Amino acid sequence: MKLNRSSSVRSTQSDSALSTPQPRRSNSMDAKPQTTTSPASTPAKPTRSNSAPPTANRPRNPEGAARVNSTEVGAKKPTTNSEIRAWYKQQVAGIPANDAKLAAQGASLEDRAKAAHAIRHQARVDARQFMGTFESALLKARDFFKYGRLDGPSFDQLVGEAKKSGLSEAQAYDKIINSSQRTNQAVDNIYAKPQAKL
């Protein structure tokens with residue numbers, strides 16, 4: 001019997017169709033054919049994080065996303081010298097409550113003095129960041145000539161000066177706690193009247 005070429009090809013195709021199982025097709029739109037490739041031949045796909053998608057309420061600038069210069073999120077930034085001074089005095093006014101809290105927790109006198117100095121020092125640094133460059137430079141120059149430092153006296157410097165005046169170590173710590181709560185009255189008077197925005 002003579003076989004024709006087209007019939008032999010057809011029979012070979014039908015035989016291979018019976019021996020190799022065909023993948024099932026799904027009517028689902030999400031179904032995708034599975035292909036197997038070697039990991040080296042395909043580039044790695046970036047993975048998606050489980051973080052929440054951005055929302056309309058999320059701030060666009062980094063300043064709105066965290067505390068900046070010790071101001072709370074959404075708080076109005078002081079823009080005039082009088083507003084900055086009022087903000088500074090408000091930070092300093094929180095020192096007594098913080099000291100009382102530390103004392104109730106059993107903190108040492110030294111730790112309480114260090115905390116009071118840290119609050120006062122940070123308020124000084126932050127207030128100068130709010131100010132214009134010229135005003136900030138003047139105050140830094142004043143501190144440099146008075147204390148030998150651009151941002152006011154260090155804790156150790158204050159302790160050393162108190163001891164030189166004849167105070168004991170405990171009295172020096174107590175003095176730092178009390179003096180940290182007082183602002184310079186002469187500077188307060190200068191900035192008492194509202195000025196133009198910086």
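Helices are DSSP runs of H or I with at least four residues, strands are runs of E with at least two, and both are numbered from the N terminus. Serine 136, a first residue to select, lies in helix H5 by this rule.

Before going on, note that this is a predicted model, in which local features need pLDDT of at least 70 and side-chain atom pairs count only at pLDDT 80 or more, while totals for chains, interfaces and linings use all residues. Residues are numbered from 1 along each chain as its sequence is written, and side-chain values use heavy atoms, with hydrogens and water left out.

**Stop 1: the whole chain**

Show the chain as a cartoon. It has 8 helices and 0 strands, in the order α-α-α-α-α-α-α-α along the sequence. Colour the chain by burial: a residue is buried under 20% relative accessible area, exposed over 50%, and partly exposed in between (1.4 Å probe, protein chains only). Of the 198 residues, 23% are buried. Contact here means heavy atoms within 4.5 Å. Among contacts with a separation of 6 or more, 65% are between residues 24 or more positions apart.

**Stop 2: helix H5**

Select residues 133–147, which form H5. The helix has 15 residues and spans 21 Å from its first C-alpha to its last, close to the expected 21 Å. The expected span is 1.5 Å times one less than the number of residues.

Which residues of H5 are buried? They are Ser136, Leu139, Asp143 and Tyr147. Look down the axis of H5: these buried residues fall within an arc of 70°, so they line one face of the helix. The arc is that of the directions from the helix axis to the C-beta atoms. The buried residues of H5 pack against H4 and helix H6 (155–164). Now turn to the face pointing away from the buried side, which carries the exposed residues Thr133, Phe134 and Phe145. Just after H5 comes glycine 148, with a positive phi near 80°.

**Stop 3: serine 136**

Return to serine 136, which counts as buried because its relative accessibility is 9%. Leaving aside neighbours within four places in sequence, serine 136 is in contact with Arg128 and Met131.

**Stop 4: aspartate 143 and its partners**

Side chains of opposite charge can pair when their charged atoms come close. A salt bridge is counted when a side-chain nitrogen of Lys or Arg is within 4 Å of a carboxyl oxygen of Asp or Glu. The whole structure has 6 salt bridges.

Select aspartate 143 and arginine 124, whose closest N and O atoms are 2.9 Å apart in a salt bridge. Arginine 124 is in helix H4 (residues 109–130) and aspartate 143 in helix H5, so the pair, 19 residues apart, links distant parts of the chain. Add arginine 128, which forms a salt bridge with aspartate 143 at 2.8 Å between the closest N and O atoms. This pair also links distant parts of the chain, with arginine 128 in H4 and aspartate 143 in H5, 15 residues apart.

Are these residues buried or exposed? Arginine 124 is buried, at 13% relative accessible area. Aspartate 143 is buried at 0%, and arginine 128 is buried at 8%. Add Arg142 to the selection to see the network of salt bridges that links Arg124, Arg128, Arg142 and Asp143.

**Stop 5: lysine 163 and glutamate 169**

Select glutamate 169 and lysine 163, whose side chains meet in a salt bridge (2.9 Å, N to O). Glutamate 169 is partly exposed at 40% relative accessibility, and lysine 163 is partly exposed at 38%.
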